[in-house]
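Please open the structure in the viewer and keep the selection panel at hand. The stops below proceed by chain, then by interface, then by residue.

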Amino acid sequence: MERKAKLIKSKATQIRKLIVEMLAEAGSGHPGGSLSSADIVACLFFGIMRYDPKDPEWSDRDKFHLSKGHCCPALYAALALCGYFPKNELLSLRKLGSMLQGHPDSKIPGIEVASGSLGQGLSIALGMALAGKVDKKDSRIYCLMGDGELQEGNVWEAAMACSHHKLDNLCAVIDYNRFQIDGRTEEVMNLEPLVNKWESFGWRVIQCDGHNIEDLLEAFTEAKSIQFKPTMIVAHTVKGKGVSFMEHVVDFHGRAPTEQEREIALRELEVEKSE
Amino acid sequence: MEMLYARDVYGRTLIELGKKDPRVVVCDADLSGSTRTALFRKEFPDRFFNFGVAEQNMIAASGGLASCGKIVFASTFAMFATARVLDQIRNTVCYNNLNVKIVATHGGITVGEDGASHQALEDINAVRAIPNMKVIVPSDAWEARDAIITAHKTKGPFYIRLGRSKVATIENRKHFHLGKGYALTEGADLAVIACGIMVQETLKAHDILKKRGISISVYNMHTIKPIDKELIIKIANKHKKILVCDEHQAMGGLCSAVCEVVARNCPVLVDCVAVEDRFGQSGAPKELMDFYGLSADSIAKRAEEFIRQ
C-alpha cells in the first residue's frame with residue numbers, strides 16, 4: 001500500500017505540474033478545481049481503475065466520467081501520463097483545431113462522453129451503470145462531481161434513481177473544495193448538510209481527506225465491497241491545492257496563471273516532489 | 001381507411017425491435033401507459049427503465065446507456081421531451097452523437113382537453129437547430145412504424161413526434177425514406193407541403209378544392225430534418241407559390257424549414273397554415289383544429305386566397 005501510495009503521489013504531482021503548464025500556455029481555464037481534484041484523479045487512474053490505453057474501447061474496462069468538465073486539465077494530464085495520447089498534445093489545450101477542447105470531448109481517447117454543462121454527469125454515469133447491469137458486467141463506473149454543480153436539480157433526480165436501481169457498480173466522488181465561481185458554496189447556495197442529503201437519498205457515504213492518498217485508496221476499496229447501494233465519496237479538498245497562492249482563492253476558479261505565476265507554481269511543485 | 005393510434009404501433013414496433021436486437025432498451029418518465037412503452041416493459045422488463053417524473057435524468061441517462069452500445073428509445077409527452085430537457089439533448093445526446101431516439105407522443109394542439117400546458121407547439125423548433133439531430137413527424141401509424149425502424153438502424157439521435165389521437169391511414173402511402181418527401185396528389189394551381197396529421201387535413205382540403213375546380217399538389221414532408229431540399233426546389237420551380245401546413249407554431253417548424261430552403265435557393269411566395277404565435281387551450285381536438293385555423297376548411301380557404309393573391 002505504501003509503495004502504491006508513493007507512486008500515486010508522484011503521479012498527482014506530475015498532474016499538478018502539467019495542469020499549471022497547460023493552463024499558462026492556454027491563457028484561460030480552471031486551475032482551482034483541477035488542482036483540488038488531482039489526487040482523486042491520480043488514485044483512480046494509477047491505483048483503482050481497470051483500463052487499457054492501447055485499447056480504449058476494451059469492453060471490460062472501468063469507466064470514468066468527469067461531471068465537472070471544466071476541470072479537464074487534470075483528466076487530460078492523467079490520460080497523457082497513462083499513454084492514451086502523447087504528452088506534447090497537452091500544450092495545445094483550448095487552441096483552434098486541437099483535440100483537447102476547453103471541456104471534455106468524446107473524440108479524445110479515454111473520454112467516454114463529453115461534459116461541460118453541469119449537473120448531467122451523474123445521470124450519464126447512471127446510464128452507464130444500468131448498461132453494465134443489463135450486460136451483467138463486473139466493470140465499475142466512476143463519476144467525479146463538483147460541489148457547485150450539486151445545486152442543479154438534475155443531480156438529485158439521478159441521486160434518487162441510482163439508489164432505486166441499487167447500483168453498487170457505481171461510485172461517485174464529490175470534490176468538496178467549498179468554492180464556486182461566485183464565492184463560497186455556503187454563501188452562494190449552501191449545500192450542508194451534504195452527507196445527510198446523500199444518505200437520505202439511499203447512498204452509502206464515505207468521507208475522506210481528498211488529498212490523502214491512503215485515505216482515498218481505502219475509500220475506493222471500501223466502495224467496491226458495498227452491495228446493493230451506490231457509493232458517494234465526499235472528498236474534502238482544498239481549491240487550488242499544491243500552489244500556495246491559489247489555495248482557497250476564488251479568483252483561481254477560472255483564471256489561468258500568468259507567466260510569472262507559472263514559474264512560482266512549478267517551483268513550489270518541484271519542492272513538493274523532492275520532499 | 002384504417003383509424004389507428006400511432007403510439008399503439010410504436011409500442012408494438014418496439015417489441016419487434018427488442019426481439020431482434022438485444023441492444024434495444026426503452027426509457028420512459030412515468031407515462032409508459034400513454035406512450036405505450038409499457039408494451040415493451042411487459043416483454044422485456046430488464047431492458048425497460050422508468051425514471052419517474054424526471055425527464056432531465058431520463059435523457060442524460062439515455063445518453064449514458066447509448067455510450068455503452070445500447071440503442072435507446074426514450075419517450076414521454078412532446079411537451080416534456082424537448083424544451084424541458086434541451087440542454088441534456090444538446091450537450092449529452094447530440095454533441096456525442098449518441099443513439100438516443102426520442103419518440104414523443106401527444107405532440108401538437110390535438111392533445112385537446114388538457115390545454116395549453118400540455119400542447120407542444122414549439123417542440124420541433126426546440127430540437128431542429130441542434131447538429132446531429134434528425135426530426136420526423138409521421139403522418140400516420142404506419143409511417144410512424146417506418147420512422148421508428150429507420151431510427152433504429154440509423155446512427156445518431158432522432159426526434160420523432162407522434163400525436164395523441166387516432167389518425168387515418170394514408171391510402172397511397174409510399175415506402176418511407178429518411179429525408180425524402182413525396183407527392184400524394186399532383187395539381188396545377190398550388191403546392192401544399194404538410195407533415196403529421198396536417199397531411200390528412202390537406203388531403204381533405206384537396207377534395208374540397210377539387211369540387212370548386214381547383215387542383216393542388218399535396219406533398220408529405222415527414223422528415224423536417226434533414227429537409228428534402230431537392231424536392232422543395234423542384235416544387236418551387238413548378239408552382240411559384242407554396243402553402244405549408246404544420247400543427248406547430250409557424251415559427252421554427254416545417255414552415256420555417258421550407259422557407260429557409262426557398263429563400264436561399266428559389267425565392268417564391270410561401271404562406272403558412274400553422275399556429276400563429278399563440279398558446280392553445282382546452283377543447284376537443286376537432287374544435288381546436290377549427291378554432292386555430294388548422295382544419296381542412298381553413299386550409300382550403302387559405303389556399304383559395306393565396307392562389308388569387
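**Chain B: two domains**

Begin by selecting chain B, which is divided into domain 1 (3–168) and domain 2 (182–308). The model is a predicted one, and the domain bounds come from an automatic or database domain assignment. Colour the two domains separately and place a centroid on the C-alpha atoms of each: the centres of domain 1 and domain 2 of chain B are 25 Å apart.

Next, select the residues at which these domains meet. On this boundary, 26 residues of domain 1 of chain B are in contact with 29 residues of domain 2 of chain B. On the domain 1 side, the elements that contribute two or more residues are α7 (123–128), β6 (134–136) and β8 (166–168) of chain B. Colouring that side of domain 1 of chain B by residue class gives 11 nonpolar, nine polar and six charged residues.

**Chain A: the overall fold**

Now hide chain B and display chain A as a cartoon. Its secondary structure comprises 10 helices and seven strands. The radius of gyration of chain A is 17 Å, close to the 19 Å that the globule rule gives for 275 residues, so chain A is as compact as a globular protein of that length. Along the principal axes, the C-alpha atoms of chain A fill a box of roughly 50 × 45 × 40 Å.

Colouring by burial marks 53% of the 275 residues of chain A as buried. A contact map of chain A is also worth drawing: among contacts with a separation of 6 or more, 76% join residues 24 or more positions apart.

**Where chain A meets chain B**

Restore chain B and select the residues between the two chains. Here 20 residues of chain A are in contact with 23 residues of chain B. On the chain A side, α5 (121–134) and α6 are the elements that give two or more residues. The largest share, nine residues, comes from α5(A). By class, this side of chain A holds 11 nonpolar, seven polar and two charged residues.

**A closing stop: His165(A)**

Finally, select His165(A), located in the loop between α6 (153–164) and β3 (170–176) of chain A. Is this residue buried, exposed or partly exposed? His165(A) counts as partly exposed because it has 18 C-beta neighbours inside 10 Å, whereas a buried residue would need 20 or more. Add Ala129(A) to the selection and draw a C-alpha to C-alpha distance: His165(A) and Ala129(A) are 9.5 Å apart in space and 36 residues apart in sequence.

Notes: Residues numbered from 1 in each chain as written. Chains lettered and ligands numbered in written order. Predicted model: local features only at pLDDT ≥ 70, side-chain atom pairs only at ≥ 80, totals over all residues. Helix = DSSP H or I, 4+ residues; strand = E, 2+ residues; numbered from the N terminus. Buried ≥ 20, exposed ≤ 12 C-beta atoms within 10 Å, placed from the backbone. Rg over C-alpha atoms; globule rule 2.2 N^0.38 Å. Contact = placed C-beta atoms within 7 Å. Nonpolar A, V, L, I, M, F, W, Y, C, P; charged D, E, K, R; others polar.
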